[in-house]
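Here's a walk through the charged pairs, one helix and the ligand site of this protein. Have the model open and follow along.

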Amino acid sequence: MKQHLRFAISFFILTFFAKNTFAQSPASANPNAKWWKEAIIYQIYPRSFKDADGDGIGDLKGIISKLDYIKSLGVTAVWLNPIYSSPNDDNGYDVSDYRNIMKDFGTMEDFDALLKGLHERGIKLVMDFVLNHSSDEHKWFQQSRSSRYNIYRDYYHWWNAENGKPPYRYSLFDVNGDAWKYDSLTNAYYLHYFSRKQPDLNWENPTLRQEVFDIMKFWADKGIDGFRLDAFQFAAKDTTYPGFPNGFEKKFNLYYAMQGNLHGYLQQMYHEVFSKYDVMSVAEGAGNSFADAHNLVDSNRHELNMTYAFDGVDIPKPEGYSLLHFKEVFSKWDSAFQNDGWLSIFLSNHDQARMVSRFGNDSPPFRDLSSKMLATFIMTMRGTPYFYYGDELGMTNIRFDDIRDYRDIETLNAYEHQKNIGGDLKKFMKLKAFESRDNGRTPFQWNHSTNAGFTSGTPWIKVNPNYKTINEETENADPNSVLNYFKNVVNLRKTHPALVYGKYDLLDKTNPDVYAYTRTGEGEKLLILLNFTSKNAKANIKIDLSKANLLLSNYKIPPSLDQGNIVLRPYESMVYKLPR
Ligand code: GLC
């Protein structure tokens, strides 16, 4: 009973303060405080968020119509996937004009209105910059391929065919896995680490670099607040093209990431762009070691603000994963960045299937609880949290069983490849139902009307049929929904700077079911307990909770703490404030 009352009081206080504090400048007196460390980033995949004009594709006007919803989440920044002109071979990650808006998404006026609308609501905007490659329909490439003597020739990587076949390079999206595409127009091969419609830009060319910095300044002058650099760890290349060992493609990151003068290019970018604006910067990928990651983000090096490493998000496999491994990965990354550098914390994005389907449990009894538990994890770790659209509703994998339902070039080309080599297509489809990026790209589920209220037209990709029960309107009206829990856990982070800056200490390290840790700093100590399983699980920690305040829990009935025994119910999550 006492526990009940304490929970209710702290919840009221939490909600009251959260509603009344919104800080643009750092809320902490900590000398290392920065707005981007305190930011809570909400990632929007524009194609799938909200369609305003009925063509079945999400657009900027659609996002504008939902700005109050975004504000209601309490998030402080939005990361938008690419919105530039693009033939959409890879849904906007193939840019044909970096200074224009993709027709499907709207106009530059729409963009200006979106930025203004976000800023009026105190929300910052982080844009996605695709600078490792452009579209083959970009005018640079059109010029480049037209003649060996064109002034744009060296904007890309070419290998003249009279020199024989170039040394093998692996392509992530090519049906044959070949990153060199022969172009008869000039009897030469061009390099594409991704699809053949995504030729790699030649960062070794200073003129290209200057063009790119000008583009970045164009957007920074518009007032955007941050840059996410897509696939940037691959940008620098050894243009002598040494041969790589057989089978290198299985560990291609070792050969592609952080090559040549990458750090030099980032330092130049910092000098030319980042240092001139109050913007945050994050590149996708963090190299191959902690040393690589530190070299990207240690503040005295003047490169980037924070790492975005894949070790955590890559953990789940169709057969499951080990929580011990998960704890080890996140704890290692935390300790490696205790003193310098800064981390991103995320469990999903547009390149992953849905968070609850991979890390949690999307079966009906546990979807709600495990979604809330995972949101608690993201919001209570050290590092800037990135939260992917739809995860706040607990949206799940759609699990297509027909290849014709897929839209993603990665899945479609991998399917073709399997077909060509006589692979096991049944097995392939099963794997993709678990991991295909399209699982995470289905339309946002706004309500239970046709197409989940996403579009009045035909959606570009199927809507998950579970929208009748999992949707924003229904969850908004339910105080115990995943959505309302998400708002509370966001408020919790905003009102407890210990969750941003506090030291992270892992407890009960060898417990295979429970993730327990404390966050200490800024005058307080919080304890986080998370059960990652569908069974009751005991936390072996020696902390007396009888005097602790339960700040947040994903169960309506607070836990009973019989004789100091802490037994967590399935996927239970709890955040306690400990007495000092
Ligand atoms: C990055 C993006 C991914 C894209 C690829 C090529 O990994 O996150 O969506 O397909 O780069 O641009």
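## Salt bridges and what surrounds them

Let's start with Asp-405 and Lys-462, whose side chains form a salt bridge with 3.1 Å from N to O. Asp-405 sits in the loop between strand E12 (384-388) and helix H14 (409-420), while Lys-462 is in the loop between H15 and H16, so this pair ties together parts that are 57 residues apart in sequence. Asp-405 counts as buried because its relative accessibility is 14%, below the 20% cut-off. Lys-462, at 46% relative accessibility, is partly exposed. Keep in mind that this is a predicted model.

The structure holds 34 salt bridges. Why would such pairs form? Side chains of opposite charge can pair when their charged atoms come close. Here are three of them side by side:

| Acidic residue | Basic residue | N to O distance |
|---|---|---|
| Asp-405 | Lys-462 | 3.1 Å |
| Asp-351 | Arg-441 | 3.5 Å |
| Glu-303 | Arg-301 | 2.8 Å |

Take the Asp-351 and Arg-441 pair, which meets at 3.5 Å. This one links distant parts of the chain, 90 residues apart: Asp-351 is in the loop between strand E11 (344-345) and helix H12 (355-358), and Arg-441 is in the loop between helix H15 (425-435) and helix H16 (472-477). Is Arg-441 buried or exposed? Arg-441 is buried, with just 1% relative accessible area.

That pair also has company. Asp-351 and Arg-441 belong to a network of salt bridges that takes in Asp-90, Asp-408, Glu-410 and Arg-437 as well.

In the Arg-301 and Glu-303 salt bridge, the side chains come to 2.8 Å, N to O. Glu-303 is buried at a relative accessible area of 1%, whereas Arg-301 is partly exposed at 26% relative accessibility.

## Helix H15 and the loop after it

Which residues of H15 are buried? They are Phe-428, Met-429, Lys-432, Ala-433 and Phe-434. As for the spacing, an α-helix has 3.6 residues a turn, so residues three or four places apart point the same way. The cover over the buried residues of H15 includes H12 and H14. At the start of H15, a side-chain oxygen of Asp-424 comes to within 3.2 Å of the backbone nitrogen of Lys-426.

Further along, Asn-464 is found in the loop between H15 and H16. Asn-464 counts as buried, since its relative accessibility is 4% and the cut-off for buried is under 20%. Its side chain reaches the backbone oxygen of Asn-397 at 3.4 Å. Leaving out residues up to four places away in sequence, Asn-464 touches Thr-396, Asn-397, Ile-398, Thr-442 and Gln-445.

## The ligand site

Now for the ligand. There are 13 residues around the ligand, and Asp-90, Asp-230, Glu-284, His-350 and Asp-351 come nearest. Asp-90 and Asp-351 also turn up in the salt-bridge network described above.

Several side chains make polar contacts here. The side chain of Asp-90 has an N or O atom 2.5 Å from a ligand oxygen. For Glu-284, an N or O atom of the side chain is 2.8 Å from an oxygen atom of the ligand. His-133 places a polar side-chain atom 2.9 Å from an oxygen atom of the ligand. How much of the ligand does the protein bury? Taken alone, the ligand exposes 310 Å², and the protein buries 95% of that.

Notes. Residues are numbered from 1 along each chain as its sequence is written. This is a predicted model: local features need pLDDT of at least 70, side-chain atom pairs count only at pLDDT 80 or more; totals for chains, interfaces and linings use all residues. Side-chain values use heavy atoms; hydrogens and water are left out. A salt bridge is a side-chain nitrogen of Lys or Arg within 4 Å of a carboxyl oxygen of Asp or Glu. Buried means under 20% relative accessible area, exposed over 50%, partly exposed in between (1.4 Å probe, protein chains only). Helices (H or I, at least four residues) and strands (E, at least two) are DSSP runs, numbered from the N terminus. Contact means heavy atoms within 4.5 Å. A polar contact is a pair of N or O atoms within 3.5 Å; within protein, one must be able to donate a hydrogen and the other to accept it, and residues adjacent in sequence count only if both atoms are side-chain atoms. A residue is near a molecule or strand if one of its heavy atoms lies within 4 Å of it. Accessible areas come from the Shrake-Rupley method with a 1.4 Å probe; for residues, only the protein chains shown count as cover.
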